[in-house]
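Q: Please give me a close look at one part of this structure. I want geometry, contacts and accessibility, with the cut-offs stated.

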Amino acid sequence: MKKIKSTLMPEAMLSMAIVVALILLLNPYDFLMTSAFTLTLIMVLAVAMIAFGVFIWREQPRDEREALHGLQAGRISYFAGAAVLVLAIIIEVVQHRLDVWLAIALGAMVLVKLTVSTWNRYR
């Protein structure tokens, strides 16, 4: 139980740092966003995302149940990310101002999923 808590706390803190950085970058309360503050937020977001990726990459399930939970979490998060991107694309197309990065992000997700699935089947 202690191992679960010790690995969950840094991952939760990184997740919160990513969410807070994203909220601040959206500037919901019209903060004074100097270029230095914006660059600092971008750096915090990038470093937190890299560290979060390291946690995900190094994740080792102890048994089949944990492996199944990890797979379920991956599928659900992939679907949530894709659904949000599709919703954003629909909203932007209706407003006649589609941001190309939304389409690139969704396309990359789908193509990587297809490539890895195909590679795993024939390996």
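A: What follows covers one helix pair, the loop that joins the two helices, and a few other residues.

This is a predicted model, in which local features need pLDDT of at least 70, side-chain atom pairs count only at pLDDT 80 or more, and totals for chains, interfaces and linings use all residues. Residues are numbered from 1 along each chain as its sequence is written, and side-chain values use heavy atoms, with hydrogens and water left out.

Start with the pair itself. Helix 3 spans residues 64–94, and helix 4 spans residues 100–122. Helices here are DSSP runs of H or I, at least four residues long, numbered from the N terminus. The two pack at an angle of about 145°, and their axes are 9 Å apart. Axes are lines fitted to C-alpha atoms over the stretch in contact, and angles run from 0 to 180 degrees between N-to-C directions. The crossing of helix 3 past helix 4 is left-handed, a term for a near helix turned anticlockwise from the far one by less than a right angle.

Now the residues that meet. Helix 3 supplies Tyr78, Gly81, Ala82, Leu85, Val86, Ala88, Ile89 and Glu92. Helix 4 answers with Leu102, Ala103, Ala105, Leu106, Met109, Val110 and Lys113. Contact means heavy atoms within 4.5 Å. By class, the contact residues are twelve nonpolar, one polar and two charged. Ala, Val, Leu, Ile, Met, Phe, Trp, Tyr, Cys and Pro count as nonpolar; Asp, Glu, Lys and Arg as charged; the others, Gly among them, as polar.

Two helix 3 residues in this contact deserve detail. Tyr78 touches Met109, Val110 and Lys113, leaving aside residues up to four places away in sequence. Tyr78 is partly exposed, because its relative accessible area is 28%. The bands are buried under 20%, exposed over 50%, and partly exposed in between, with a 1.4 Å probe and protein chains only. Tyr78 and Ile18 lie 60 residues apart in sequence and 17 Å apart in space, C-alpha to C-alpha.

Glu92 also lies in helix 3. At 15% relative accessibility, Glu92 is therefore buried. With the residues up to four places away again left out, Glu92 touches Arg97, Leu98, Asp99 and Leu102.

Further along helix 3 is Val94. Its relative accessibility is 60%, so Val94 counts as exposed. From Val94 to Leu22 the gap is 72 residues in sequence and 25 Å in space, C-alpha to C-alpha.

Next comes the loop. His96 sits between helix 3 and helix 4. Its phi is near 60°, a positive value in a residue other than glycine. His96 is exposed, because its relative accessible area is 74%.

Last, rings. The charged end of Arg123 sits over the ring of Trp119, 4.7 Å from the ring centre. That label needs NZ of Lys or CZ of Arg within 6 Å of the ring centre and within 35 degrees of the ring normal. A search of the whole structure finds zero aromatic pairs, meaning Phe, Tyr or Trp (six-membered) rings with centres within 6.5 Å.

Key:
Rings of Phe, Tyr and Trp (its six-membered ring) pair if their centres lie within 6.5 Å; planes under 30 degrees apart count as stacked, over 60 as edge-to-face and the rest as tilted.
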